Amino acid sequence: MILGLSTLPSFSDSNNNGAIATLDQERLFGSSLFGQRVFKEVSDKSDILLAQELLLQSQLEIEESLLTAERKKIDTEKFKKLASAFDKKVQKIRAETTENRIKLGEYSESEQNRFFKIILPILVQLSDEFGITTLLDHRMAILSLKDITDVAIERVDKIIGDGKEMTEN
């Protein structure tokens, strides 16, 4: 259940020194509309890359079979040249495939970084509203009775939506 801001208890301590609260950053990103958009984009692109890789693999297997069959019909020097060209082609395709996968991972990481830059003012505002002076990732605490993840997800979704058109400013 997502708590509405009006139902969230005050987090300031009795000495009015402020409070420490936690936030599950992974869940905030993954459950937000922004994070879900990024996940879908990355998943869709990954599926496209996989389909392209399987097609290329199939084409290369056919080409390799034809080359193997040609081996019996052509002289050794010509076969070595053809085999070398085929090997270069395979290496180039592997490098391109790896590069595309790396770029996809970099995009995912950059979008996650962009998300946290965009939402920083929202987290500051939530912290101010609830008297939180220190906000920790939930993995930094053994026990937290003051977690604002659900409220943060609700607020972030309301303010930035899927974030496709957002900038860090």
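**Exercise 1: The largest pocket**

Find the volume of the largest pocket in this predicted model, and work out which helices line the pocket.

*Solution.* Step one: the largest pocket comes out at about 240 Å³. Step two: look at who lines the pocket. The lining includes Glu53, Leu56, Gln57 and Leu60, along with Phe86, Val90 and Arg94. Step three: go from residues to helices. Both α2 and α3 put at least two residues into this lining. Step four: sort the lining by character. You get 5 nonpolar, 2 polar and 5 charged residues.

**Exercise 2: A pair of rings**

Decide whether Phe34 and Phe115 are stacked, edge-to-face or tilted, and say what parts the pair ties together.

*Solution.* Start with the whole structure, where a search turns up 5 aromatic pairs. In the pair you want, the ring centres of Phe34 and Phe115 are 5.1 Å apart and the planes make an angle of 45 degrees, so call this pair tilted. Next, place the two residues. Phe34 sits in helix α2 (residues 33–71) and Phe115 in helix α3 (residues 76–129), so the pair ties together parts that are 81 residues apart in sequence.

Now check the surroundings. Phe34 is buried, at 0% relative accessibility, and Phe115 is buried too, at 0%. Together with Phe29 and Phe116, these two rings form one aromatic cluster. There's a charged visitor as well: Arg37 lies over the face of Phe34, 4.7 Å from the ring centre.

**Exercise 3: Salt bridges across the sequence**

For the salt bridges Lys164–Glu41 and Glu53–Arg101, find how far apart in sequence the joined parts are.

*Solution.* The total count is 13 salt bridges. Take Lys164 and Glu41 to begin with: their side chains meet at 2.9 Å, N to O. Lys164 belongs to the segment after α4 (149–160) and Glu41 to helix α2, so this bridge ties together parts 123 residues apart in sequence.

Then do Glu53 and Arg101, which meet at 3.2 Å, N to O. Glu53 is in helix α2 and Arg101 in helix α3, so here the parts are 48 residues apart in sequence. Glu53 is partly exposed at 22%, and Arg101 is partly exposed at 31%. Glu53 also turns up in the lining of the largest pocket.

**Exercise 4: From one bridge to a network**

Which residues are joined with Arg114 into one network of salt bridges?

*Solution.* Begin with Arg114 and Glu111, whose closest N and O atoms are 2.9 Å apart. Both lie in helix α3, 3 residues apart, or about one turn of the helix. Arg114 is buried at 11%, and Glu111 is buried at 8%. Following shared partners, you end up with Arg37, Glu41, Glu111, Arg114 and Lys164 in one network.

Terms used:
Residues numbered from 1 in each chain as written. Predicted model: local features only at pLDDT ≥ 70, side-chain atom pairs only at ≥ 80, totals over all residues. Heavy atoms only, no water. Phe/Tyr/Trp six-rings, centres within 6.5 Å; stacked < 30°, edge-to-face > 60°. Helix = DSSP H or I, 4+ residues; strand = E, 2+ residues; numbered from the N terminus. Buried < 20%, exposed > 50% of the residue type's maximum accessible area, 1.4 Å probe, protein only. Lys NZ or Arg CZ within 6 Å of the ring centre and 35° of its normal. 1 Å grid on protein atoms, 1.4 Å probe; cavity = no way out; pocket = protein on both sides within 12 Å on 5 of 7 lines; lining within 4 Å. Points joined across faces, edges and corners; volume = space filled by probe spheres on them. Nonpolar A, V, L, I, M, F, W, Y, C, P; charged D, E, K, R; others polar. Salt bridge = Lys/Arg side-chain N within 4 Å of Asp/Glu carboxyl O.
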